[in-house]
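Dear colleague,

I am handing over the structure below, and after it I have written out what was found. Please keep it open beside this email while you read.

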Amino acid sequence: MSYIRNTHALVKQGLISEEKSEAITKVAEKFQISLSPEVLANMDKAEIREQYLPSEKELDIKEQELNDPIGDQKFTPIKGITHRYPDRVLLKPLHTCSVYCRFCFRREKVGQAEEILSQNELEHALQYIRKNKNIWEVILTGGDPLSLSPQKLGAILDKVEAIAHVKVIRIHTRIPLVAPEKISASLLNVLDREKALYLILHCNSHKELTENVRLGIKKLCKAGLPLLSQSVLLKNINDSVEKLEELFRSLVEIRIRPYYLHHPDLAQGTSHFRVSLERGRQITSDLRKSLSGIAQPLYVLDVPGGLGKVPAGGEFIQATEDEAWKIRTIHDTFVDYQDYL
Ligand code: SF4
């Protein structure tokens with residue numbers, strides 16, 4: 001099986017009907033399509049299909065949806081860098097991924113060839129990190145940094161690790177879940193660092209943890225890499241206590257510590273995935289009754305406009321009389337928020 005990246009191949013494989021192909025081609029003009037062989041082999045599960053198979057529902061773009069839902073642009077001092085919090089930066093060497101998740105919060109950017117950093121731009125981004133001595137942690141994201149060749153990734157990691165004030169490196173990736181064959185000896189070799197390197201794996205359903213995925217994760221564990229997960233709360237995929245409990249228990253059982261559960265962002269054409277904040281708070285509160293603390297991620301909301309993440313379950317968020325929410329941001333300011341389902 002090979003990658004599927006266009007409507008024609010989806011129709012040929014019987015994954016979408018001929019009648020839907022016109023609408024899906026329109027979706028593909030705006031938001032990239034890519035399904036990996038690992039994902040394609042798992043398409044009999046609704047939780048997998050919903051995440052990767054493009055839908056005509058994506059053409060329904062709500063007025064309140066944003067093309068930069070978490071406000072990255074506002075905190076981009078230089079191409080490839082997002083500097084929102086003082087002690088850490090995002091370094092985005094590329095904006096391509098092996099798969100394109102239909103709910104992606106960076107869907108306006110991912111898949112765009114012009115968003116890949118040139119050598120010169122990468123050097124400028126690294127120079128920004130060198131000059132800012134309060135940067136303690138560098139988070140490689142994008143796009144998916146593990147879709148770079150081990151040599152290219154290794155060259156970037158060498159340069160980041162050589163910056164004395166950077167003490168921690170983090171890589172956000174979907175690769176171990178969608179292309180586990182890429183966890184090769186050469187990749188493990190370049191991830192073997194003197195400085196702490198954490199891998200944050202994006203996983204939304206225990207059904208993603210196939211045999212191949214588990215084998216790949218075992219290799220990462222054996223290589224001594226600390227593994228954390230992040231998940232997105234998604235309608236019809238994991239929006240129940242039972243489904244999330246199964247996901248988080250399964251992750252802990254294979255040595256991945258659940259880190260964040262993200263409230264879905266206001267990304268364009270994703271309203272069919274959104275769950276209300278009220279429901280998210282109820283589910284996560286119920287999870288506290290049954291689930292071990294080691295398996296409980298922090299439920300967070302990225303406040304639109306680049307105002308940073310706040311815990312979505314606690315005192316940062318209060319219901320208002322008109323069925324909306326008042327949010328205390330990390331800057332101790334207050335903003336109004338609505339779900340726009
Ligand atoms: S892997 Fe991450 S960045 Fe890439 S499409 Fe999925 S959610 Fe977006």
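Arg328 stands opposite Phe334 in strand β12, and β12 (residues 334-337) is joined to β11 by four bridges, the two strands running antiparallel. Strands, like helices, are DSSP runs numbered from the N terminus, with at least two residues (E) for a strand and at least four (H or I) for a helix, and two strands are said to pair if DSSP finds at least two bridges between them. β11 and β12 form a hairpin with five residues between them, and in its turn Asp332 has a positive phi of about 60 degrees.

Before going further, please note that this is a predicted model, in which local features need pLDDT of at least 70 and side-chain atom pairs count only at pLDDT 80 or more, while totals for chains, interfaces and linings use all residues. Residues are numbered from 1 along each chain as its sequence is written.

On its other side in this description, β11 pairs with strand β10 (residues 317-319) in the antiparallel sense over three bridges, and Gln318 has Lys326 as its bridge partner in β11. The hairpin of β10 and β11 has five residues between the strands, and there Glu323 takes a positive phi near 60 degrees. In a regular strand the side chains alternate between the two faces of the sheet. Along β11 (residues 325-328), Trp325 and Ile327 point to one face and are buried, whereas Lys326 and Arg328 point to the other and are not; buried here means that 20 or more other C-beta atoms, placed from the backbone, lie within 10 Å of the residue's own.

Parallel pairing is found as well: strand β6 (residues 227-232) and strand β7 (residues 257-262) pair in that sense over five bridges, with Ser231 opposite Leu261 in β7. Together with helix α10 (residues 241-253), β6 and β7 make a right-handed β-α-β unit, where right-handed means that, with the strands pointing away from the viewer, the path from the first strand over the helix to the second runs clockwise. β7 is also joined by three bridges to strand β8 (residues 298-302), which runs parallel to β7, and His262 has Val300 as its bridge partner in β8.

Finally, Val138 touches Val89, Leu91, Ile129, Val160, Val166 and Ile169, leaving aside residues up to four places away in sequence, contact meaning C-beta atoms, placed from the backbone, within 7 Å.

With best wishes

Technical notes
Contact = placed C-beta atoms within 7 Å. Buried ≥ 20, exposed ≤ 12 C-beta atoms within 10 Å, placed from the backbone.
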